[in-house]
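Reader: I should like a close look at a single part of this model, the place where its two chains meet. Please set it in the context of the sheets behind it.

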Amino acid sequence: MPSTLVIGGGPAGLAAAWAAAQVGDQVTLLDDNPALGGQIWRGGVPAAHQRFLDPSITVRTGVQIHSANQIPAADRLILATGTRERFLPFPGWTLPHILGAGGLQAMVKSGLPIAGKRVVITGTGPLLLAVGAYLRKRGAMVVLIAEQAPFSRIAQFTRELWREPAKLFQAAQLGWGLRYRADAWPIRADAGSITIQGHGKIPCDYVACGFGLVVNTELPALLGCAIDAGQVVTDSKQRTTIPHIYWAGAGSVDRSILEGQIAGFDLERARPLYPARDRALRFDRRIDQAFRLRSELSNLAAPDTIVCRCEDVPFGAVWQQRDWRSAKLQTRCGMGPCQGRICGPALEHLCGWPASSVRPPIFPTRLENLLDERR
Amino acid sequence: MIRITINGRSLEVAAGTTVAAAVMTIQPGFRRSVSGELRGPLCGMGICMECRVTLNGHRHERSCQTLCTPGMEVVTDA
Ligand SMILES: Cc1cc2nc3c(=O)[nH]c(=O)nc-3n(C[C@H](O)[C@H](O)[C@H](O)COP(=O)(O)OP(=O)(O)OC[C@H]3O[C@@H](n4cnc5c(N)ncnc54)[C@H](O)[C@@H]3O)c2cc1C
Ligand code: FES
């Protein structure tokens, strides 16, 4: 029986594992989190998608893959490591009441009581609205959702949503009654407050702050898969540039599920899903355009604002450096335990350096080589 | 409910609660940065490493990726 290994158990990885099991593969699914579900299904796979939890799939949770030789042998490898939030440094952003937008949501989903707490949500993207709606449902006082994108761009995007009535309805439902303001972004944080452009200093218990999502390309990059503009390069069957290695997900839930199924199925069953996947991809690209970061955000960090939280490197020490390499060597920026996963995407925006947070392997690791070594 | 201790203080949490969520209910800071700043969780998903604590004597464990288990002893640096 051919074997498939899936790394990442969010919507994409779950759909991929299920589809691979449908075509008769022996499937193993690994995830770093204590439970399956990834970001959006943290706390439980919804009833409509329970079928993905096929009992024939071997599941191992709490396993983080950070090197090629940790990867168990398989005939086919499907990577579905999802996304993380982008954080942009501003004065005071390292204070403990400032969390990621998805970060605070994850904390509440995993047991943090939020009822009665004052929360300001800021940054960019549809995630802010989703987090606002979720936190309000759990009893938080969502004081303000401050979105950096200009009002004109959001208005245009909303007009385009008429073509996708289901999505418009979803957005309206999420946003109903929430104080949502465009052209607004964080200026500085002090203990117990946040100052928002155009809205002044707002007292709060927590700030949920995220500037969009970045793809977790570290593992595919480590295995030698081509990456372009922060995305893993794939063909229409979700194959990466390395034989037997597939990539799926890191988009909206709909697209992530479709990509997972396309990666997991055989060609015959995958092909009919291509048009829906391509449509979802186009929609995701429109979102990326509407919520692209405005240039003012490059000026938020002061010279003494920490950019690398692991090594406490201030922006002033980094910004004169030529490139990532010299920043690492001269200042230790990105050399700490997160390996540049937080400061990398920030400096990509602030300095225009490509967020190459992992050292690419000198010789791309080929799955066949790994398999041969162990056989 | 599950009983754990955080810096010697006893606390009851619901099953399925992560160590990070449990610590946040009683104190904002989890660790001191290399220059001495008080820090707490940022990403909530195992990437930033700001939520590291000592769990049953094991140092530098990511508390956001770990569920509370009965009798667990959590020690923070801050
Ligand atoms: C913090 C956060 C919150 C979000 N909240 C929402 C929301 O409320 N609503 C919404 O519509 N969208 C949300 N999104 C967008 C969301 O990413 C997509 O909707 C969708 O979940 C993508 O699915 P995925 O399977 O590609 O990735 P994910 O759901 O991100 O799943 C990836 C999985 O891979 C695992 N993983 C990653 N690297 C490794 C590794 N090296 N070893 C082992 N396992 C690994 C992770 O633990 C994770 O479980 C959120 C995104 C983020 C980053
Ligand atoms: S909060 Fe980022 S690793 Fe735990």
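Author: The account below takes the interface first and then the sheets of each chain.

The model is a predicted one, in which local features need pLDDT of at least 70 and side-chain atom pairs count only at pLDDT 80 or more, whereas totals for chains, interfaces and linings use all residues. Residues are numbered from 1 along each chain as its sequence is written, chains are lettered from A and ligands numbered from 1 in the order in which they are written, and side-chain values use heavy atoms, with hydrogens and water left out.

At the interface, 33 residues of chain A are in contact with 31 residues of chain B (contact means heavy atoms within 4.5 Å). The area buried between the two chains is about 2500 Å², and carbon and sulfur atoms give 59% of it; buried area is the accessible area, taken with a 1.4 Å probe, that two parts lose on being put together, summed over both. In chain A, the residues that lose the most area to chain B are A:Pro96, A:Met107 and A:Arg309, together 22% of what that side buries.

The count of salt bridges between chain A and chain B is three, where a salt bridge is a side-chain nitrogen of Lys or Arg within 4 Å of a carboxyl oxygen of Asp or Glu. A:Asp32 forms a salt bridge with B:Arg62, and the closest N and O atoms of the pair are 3.0 Å apart.

On the side of chain A that touches chain B, strand E5 (83-85), strand E6 (98-99) and helix H2 (101-109) each supply at least two residues. Helices (H or I, at least four residues) and strands (E, at least two) are DSSP runs, numbered from the N terminus. H2(A) gives the most to this side, with three residues. By class, the residues of this side divide into 16 nonpolar, 10 polar and seven charged; Ala, Val, Leu, Ile, Met, Phe, Trp, Tyr, Cys and Pro count as nonpolar, Asp, Glu, Lys and Arg as charged, and the others, Gly among them, as polar.

E6 of chain A also belongs to an open sheet of five strands, in the order E6-E13-E7-E8-E9 with parallel pairing; two strands pair if DSSP finds at least two bridges between them. E6 and strand E9 (180-181) of chain A stand at the edges, each with a single partner strand, so one side of each has no neighbour in the sheet. Within this sheet, strand E7 (residues 118-124) and strand E13 (residues 206-211) of chain A run parallel and are joined by six bridges, and A:Val119 stands opposite A:Tyr206 in E13(A). H2(A) packs on the sheet, touching E6, E7 and E13 of chain A, and its direction makes about 130 degrees with that of E13(A). Axes are lines fitted to C-alpha atoms, for helices over the stretch in contact, and angles run from 0 to 180 degrees between N-to-C directions.

In chain B, five strands form an open sheet of mixed pairing, in the order E2-E1-E7-E5-E6. Strand E2 (9-13) and strand E6 (58-62) of chain B stand at its edges, each with a single partner strand, so one side of each is left without a neighbour in the sheet. Neighbouring strands of this sheet are turned by 40 degrees against each other on average, direction ignored. Helix H1 (residues 19-26) of chain B packs on the sheet, where H1 touches strand E1 (2-6), E2, E5 and E7 of chain B.
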